[in-house]
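Visitor: Got a minute to walk me through this one? I'd like the overall picture, then a few local spots.

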Amino acid sequence: MAEKRFYITTPIYYVNGTPHVGSAYTTIAADVTARFERLRGREVFFLTGTDENATKVYEAAQEQGVAPEAYLEQLIPVWKEAWRDLHIGYDDFIRTTEPRHVEAVQEFFRRLQESGDIYLGQYEGWYCVACETFWRESDVTDGLCPNDWCRRPVRKMTEETYFFRLSKYQDAILRWIEAKPDRLLPDFRRNEVVAFIKQGLRDQSISRPGEEWGIPVPGAENQVVYVWFDALINYLTAAGWPNDAETFQNTWPADIHFMAKDIFVRFHCTLWPAMLMAAGLPLPCRLIGHGFWTAEGRKISKSLGNAIAPGDLARMLSDASGCEPDVAADAIRYYLLREVPFGQDADFSFDGLKLRFNTDLANDIGNLCNRTFSLIHRLFGGKVPALPGGDSPVRDALKRAAETMAQEMEEQRYSNALQALSDAIKEVNKHLNDRAPWNLHKEGKTDEAAGVIAESLESVRAFTILYSPFLPVAAERIWAQIGAAEPLSAQTWDRAAAWEGLPAGAELPQPTPVFPRIEAPKGQKAAGKAPGAGKDASKPNKKASVPAPSEESGKPTVSQTEPSAESKDESNFISIDDFAKVQLRTARVLAAERVEGTTKLLRLDVEMGEEDRTVLAGIAESYAPEELVGKTVIVVANLEPKKMRGVVSQGMLLAASGPDGPVLVAPEKAVDSGSEVR
Ligand code: ME8
């Protein structure tokens with residue numbers, strides 16, 4: 001029998017609008033995982049699709065004055081096109097109006113009816129069409145849907161409907177969760193599931209009488225199957241259930257069901273396992289419920305009218321940077337998965353996207369490519385230098401990065417996985433700076449120079465493979481420039497850190513930057529860090545004089561001015577105008593480390609709106625560097641830069657004098673970094 005396929009699913013989306021950043025997020029995460037697993041040699045079955053039998057789909061069609069079928073025919077191509085433009089490589093796209101699914105749902109219903117898990121009863125309670133959710137009398141206190149992201153009016157229902165004996169499975173579901181906790185991720189969301197189930201499960205109404213749209217209940221043609229009972233079964237339908245036993249054997253159970261928190265607790269972690277138990281089918285291996293993308297604090301959603309189309313974003317990013325639209329789409333994939341830990345909410349901002357583009361893509365991988373390719377052209381006539389064997393810090397960095405990345409990817413910690421790659425790139429850039437092959441070459445040490453550059457090129461080969469699940473098109477563009485004999489599609493995960501080198505002597509094409517840096521319009525700050533590499537490259541470009549990017553530009557120089565002597569006022573008071581001169585702004589700590597040779601000083605790399613800065617603070621005795629990362633602090637932003645211990649500090653942190661040392665001052669609620677403090 002064939003080996004079981006690695007089965008990955010996204011939710012099937014309601015077709016009552018077009019795709020947006022939120023639906024794209026889940027689909028991209030699933031696609032990245034599918035590509036990662038394929039790279040590791042697994043056969044993957046990646047399913048996405050659309051949930052079409054919902055009342056809200058029917059009502060959206062009515063609003064447009066068209067039949068639901070016609071409405072769907074207009075919209076389905078829009079969904080498929082959006083996924084194509086985001087480089088989503090699904091294996092199957094299921095639509096719940098397809099006959100294969102209608103048959104599966106009716107068969108499932110029949111089987112549970114036969115086993116006694118479905119019975120006819122009287123439903124009295126509320127229904128929210130937006131969430132397609134039944135609420136009990138006591139859940140609704142003000143006529144509005146209790147989901148905090150919804151709060152739309154609910155409808156009163158008194159109907160004779162079919163019920164599923166959900167209550168019967170309460171203990172079995174809890175046991176299933178407890179037996180292997182990492183089935184439900186992230187942890188804090190698993191706790192919500194357990195708390196929800198422990199409140200007590202009631203049998204679930206699973207049909208709606210008198211509805212014109214939906215899958216008819218077998219043997220009761222005046223009723224349609226409740227859309228959630230229908231929708232969840234899509235995961236079985238696409239795996240071949242009930243007719244194709246061989247495919248089903250090789251596919252089911254799902255390895256990962258992806259979704260956001262809205263449909264995690266009640267539907268996927270409660271109703272779904274109970275349905276599968278009732279049908280005697282194996283349960284999914286993992287369910288993961290990520291956070292919401294919000295716009296100005298509100299969940300991005302089709303019906304709230306705050307949806308941002310990924311295609312529009314890609315066009316805007318491509319216009320701003322000059323990169324290819326397909327590379328811009330990759331950058332969106334990257335941004336969404338890099339910006340926040342997978343379980344948490346985040347506010348979407350185009351500025352944030354541009355910042356990531358500059359800091360991570362243009363500065364990290366982009367700059368490493370540019371430096372390496374141009375060195376090969378300038379010093380070695382464009383011919384690939386031979387890779388030396390033996391130990392190398394670059395080789396170690398690649399090995400570590402691949403290992404860390406694999407561990408993080410196994411638990412869907414995409415942001416950490418990408419962080420591991422950025423860290424390794426910084427190490428490689430630093431190695432390049434330290435060894436300065438341009439100087440070695442000048443001194444006539446040509447072989448040594450060639451070896452250093454070959455290591456750098458080898459790292460580009462490895463990074464391209466490692467990034468490829470996130471940046472499939474950009475990786476192809478880089479791959480085309482490294483002189484590889486085989487296509488990127490023939491690579492496997494293991495080969496990334498294999499230190500196998502590229503064919504020596506191969507001629508490289510003229511380099512084409514894949515991630516051109518976004519330059520700010522004159523008079524404004526550019527997004528992200530200065531071009532360059534290594535830690536020092538993260539100096540701001542505000543007043544700093546940054547050398548033009550070149551392969552030697554690992555360390556931009558910062559113009560330095562010693563602070564002028566403070567002019568002391570005679571009185572203890574300052575005027576409001578004096579105070580107004582002090583610019584205070586919030587900043588987010590990106591990285592923190594001790595300054596060597598001091599006991600008090602920490603070096604913090606902070607993000608202040610569109611600008612990154614380095615700030616030294618005398619707080620090392622009160623704070624460990626790790627606890628500061630991610631914190632929001634307040635910075636005196638217009639203090640003259642000051643050089644201490646070889647580092648230029650570009651601001652000062654505000655801290656209160658606590659009994660045991662300084663206590664950092666922070667805003668009382670979350671605010672954007674770079675916000676003014678007055
Ligand atoms: O719930 N942030 O469909 P749906 C993050 N048909 N993710 C978001 C998001 C946001 N702002 N908005 C949507 C349904 N999503 C059912 C699913 S499955 C058997 C049936 C993503 O169109 C996220 O994955 O409302 C969320 O769970 C899903 O879209 C909801 O999509």
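Guide: Sure, we'll go from the whole chain to its sheets, then to a helix and two residues.

Guide: One thing up front: this is a predicted model.

Visitor: Okay, how many helices and strands are there in the protein chain?
Guide: There are 21 helices and 26 strands in the protein chain. The radius of gyration is 28 Å, close to the 26 Å that the globule rule gives for 678 residues, so the chain is as compact as a globular protein of that length.

Visitor: And what box do the C-alpha atoms fill?
Guide: Roughly 85 × 75 × 50 Å, taken along the principal axes.

Visitor: How much of the chain is buried residues?
Guide: Buried residues account for 55% of the 678. As for the accessible surface, it comes to about 29,000 Å², and carbon and sulfur atoms hold 49% of that.

Visitor: What about contacts between residues at least 6 apart in sequence, what share join residues at least 24 apart?
Guide: That share is 73%.

Visitor: Charges next. How many positive and negative side chains are there?
Guide: You get 77 positive and 97 negative ones, and the centres of the two sets lie 4 Å apart.

Visitor: On to sheets. What's the order in the antiparallel one with three strands?
Guide: The order is 9-11-10, and the sheet is open. Strand 9 (207-209) and strand 10 (216-217) each have a single partner strand, so one side of each lacks a neighbour in the sheet.

Visitor: How many bridges join strand 10 to strand 11?
Guide: Two bridges, with strand 11 covering residues 220-225. If you want a spot to click on, Pro-216 stands opposite Val-224 in strand 11.

Visitor: Which open sheet has mixed pairing?
Guide: That would be the three strands in the order 15-14-16. Its edges are strand 15 (298-299) and strand 16 (346-347); each has a single partner strand, so one side of each is without a neighbour in the sheet.

Visitor: Do strands 14 and 16 pair in the parallel or the antiparallel sense?
Guide: Parallel: strand 14 (residues 293-295) pairs with strand 16 over two bridges. Trp-293 stands opposite Ala-346 there.

Visitor: Switching topic: which residues in helix 2 are buried?
Guide: Helix 2 spans residues 55-63, and its buried residues include Thr-55, Lys-56, Val-57, Tyr-58, Ala-60 and Ala-61.

Visitor: What covers them?
Guide: The cover includes strand 1 (6-14), strand 2 (44-51), helix 3 (68-85) and strand 9. You've already met strand 9 as an edge of the 9-11-10 sheet.

Visitor: What follows helix 2?
Guide: Gly-65 does, and its phi is positive, near 70°.

Visitor: Now Tyr-119. Where is it?
Guide: Tyr-119 sits in strand 4 (residues 118-128). With a relative accessible area of 25%, Tyr-119 is partly exposed, as buried would need under 20%.

Visitor: What does Tyr-119 touch?
Guide: Leaving out residues up to four places away in sequence, Tyr-119 touches Thr-161, Tyr-162, Phe-163, Arg-165 and Asp-203. The C-alpha atoms of Tyr-119 and Ile-206 are separated by 9.8 Å, and these two residues are 87 apart along the chain.

Visitor: Last one, Thr-237: buried or exposed?
Guide: Buried, at a relative accessible area of 5%. Thr-237 is in helix 8 (residues 234-237).

Visitor: And what does Thr-237 touch?
Guide: Again not counting residues up to four places away in sequence, Thr-237 touches Ile-94, Arg-100, His-101 and Ala-104.

How values were computed
Residues numbered from 1 in each chain as written. Predicted model: local features only at pLDDT ≥ 70, side-chain atom pairs only at ≥ 80, totals over all residues. Heavy atoms only, no water. Helix = DSSP H or I, 4+ residues; strand = E, 2+ residues; numbered from the N terminus. Rg over C-alpha atoms; globule rule 2.2 N^0.38 Å. Buried < 20%, exposed > 50% of the residue type's maximum accessible area, 1.4 Å probe, protein only. Contact = heavy atoms within 4.5 Å. Areas by Shrake-Rupley, 256 points an atom, 1.4 Å probe, with all protein chains shown as cover. Lys, Arg positive; Asp, Glu negative; His and termini not counted. Charge placed at Lys NZ, Arg CZ, Asp CG, Glu CD. Pairing = 2+ DSSP bridges.
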